[in-house]
Amino acid sequence: MNDITMKLNADKLIMMALQEDITSEDVSTNAVMPEKKMGTVDLICKQDGIIAGLDVYARVFTLLDPETEVIMKSKDGDFVKKGQLLAVVNGDIRVLLSGERVALNYLQRMSGIATYTNEVAKLLEGSKTTLLDTRKTTPNCRIFEKYAVRVGGGCNHRYNLSDGVLLKDNHIGAAGSITNAVKMAKEYAPFVRKIEIEVETIEQVKEAVEAGADIIMLDNMTTEQMQEAIAWIDHRAETECSGNVTKENIARLTALGVDYISSGALTHSSPIMDISMKNLHAI
C-alpha cells in the first residue's frame, strides 16, 4: 500500500482504530512506563501463511510517534513460516505498548485474508476463471481487506456502490423486470460502466441476454443450471458465478469455464494469521 493511498485513505481509519482503543489514556502502559524510554520489540510469525499489511502495521506506530523506526525483514506477499522474524520496531516503549494491539489486529486480519485467498486462488490455477472478492467486508476496513485479497492472488470486484453497476434481485424488483432494469441502467450510465445483472433462473438468464447485459452473474444455481445458462449465453455476455463459494466447494465450479467466480468468504470468513510482538526490552 503506497504512501499516497495511506495518507489519503488509510490514515484516518487507522486513527479511528487507535482512538477506539485509547479514549483518554493507556492506563496499563502509563502505570509501568511513566516517562519516555527507548526500546525495541520483535514481530514474530506464529504460523505459516502469506503476509499482508506490513505498511499498515508500521503506520500505527508512526502515527503515534513519527520517530518510531520499523525495520522490515519481510514484505507483503511473502510466504512466511512459523517462528520467522517479520520486523523489528524501535521507539518510545510507550508507543510500542499502546500501538501493539491495533497494529496486530490489522496485520493478523489482512494476512489471514491473503492466506485464505491464496489457497482458493491456487484451486483455479490452469483455468481461465478470475477469482473476485465482494463488498462483504468489515465496515471501515474495506480498503485493507480488498488490498489483502490482491496480495493473496485474488482480484477486486467493484470497490463500492459508486464503482460499477450491479443489478441484484431487489434492483430488479424496484425496476419491475430485468429488461427494464438493464434499459434504465444503460440510459443512466451509458458510456464508461459495464452493466452486470444477477440472475437465479434460466428464464432470467434468457431475459438478461436479450436485454443486453454485459456481465451475467449466476447466483446460487446448481451445477446443471449453470452449465445450461453458460451454453445459452454463448459468449454474448461475460459470466460470473456466485453464492456461498468457499475453499471447500469451489471445485464444482472450476470446470464450468465461467469468466469470474466471486466469493464473499475471502473477506468475511478467513481466519486470522497468528502473529505476535515479543522480546520487548529497553535499549
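What follows is a conversation about one sheet and one helix in a predicted model.

Colleague: What makes strands S8 and S9 a pair?

Modeller: Two strands pair if there are at least two bridges between them, and since 4 bridges join S8, residues 195-199, to S9, residues 215-219, the two are paired, running parallel. One example of a bridge partner is Met217 in S9, which stands opposite Glu198.

Colleague: Why are S6 and S7 said to stand at the edges of the sheet?

Modeller: The open sheet has 6 strands in the order S6-S11-S10-S9-S8-S7, with parallel pairing. Strand S6 (130-132) and strand S7 (165-167) each have a single partner strand, so one side of each is left without a neighbour in the sheet. From one strand to the next, the twist averages 25 degrees.

Colleague: Why are Ile202, Val205, Ala208 and Val209 of helix H8 called buried, and how do you know that the buried residues line one face?

Modeller: A residue is called buried because its relative accessible area is under 20%, and these four residues of H8, which spans residues 202-211, are placed in that class. Seen down the axis of H8, the buried residues fall within an arc of 115 degrees, and therefore they line one face of the helix. The face turned away from that buried side carries Glu203 and Glu210, which are exposed.

Colleague: What covers the buried residues of H8?

Modeller: The cover includes H7, S8, S9 and helix H9 (223-233). Of these, H7, residues 178-188, lies across S7 and S8 and runs at about 160 degrees to S8.

Colleague: Which residue follows H8?

Modeller: Gly212 follows H8, and its phi is positive, near 90 degrees.

Key: Residues are numbered from 1 along each chain as its sequence is written. This is a predicted model: local features need pLDDT of at least 70, side-chain atom pairs count only at pLDDT 80 or more; totals for chains, interfaces and linings use all residues. Side-chain values use heavy atoms; hydrogens and water are left out. Axes are lines fitted to C-alpha atoms, for helices over the stretch in contact, and angles run from 0 to 180 degrees between N-to-C directions. Contact means heavy atoms within 4.5 Å. Buried means under 20% relative accessible area, exposed over 50%, partly exposed in between (1.4 Å probe, protein chains only). The arc is that of the directions from the helix axis to the C-beta atoms.
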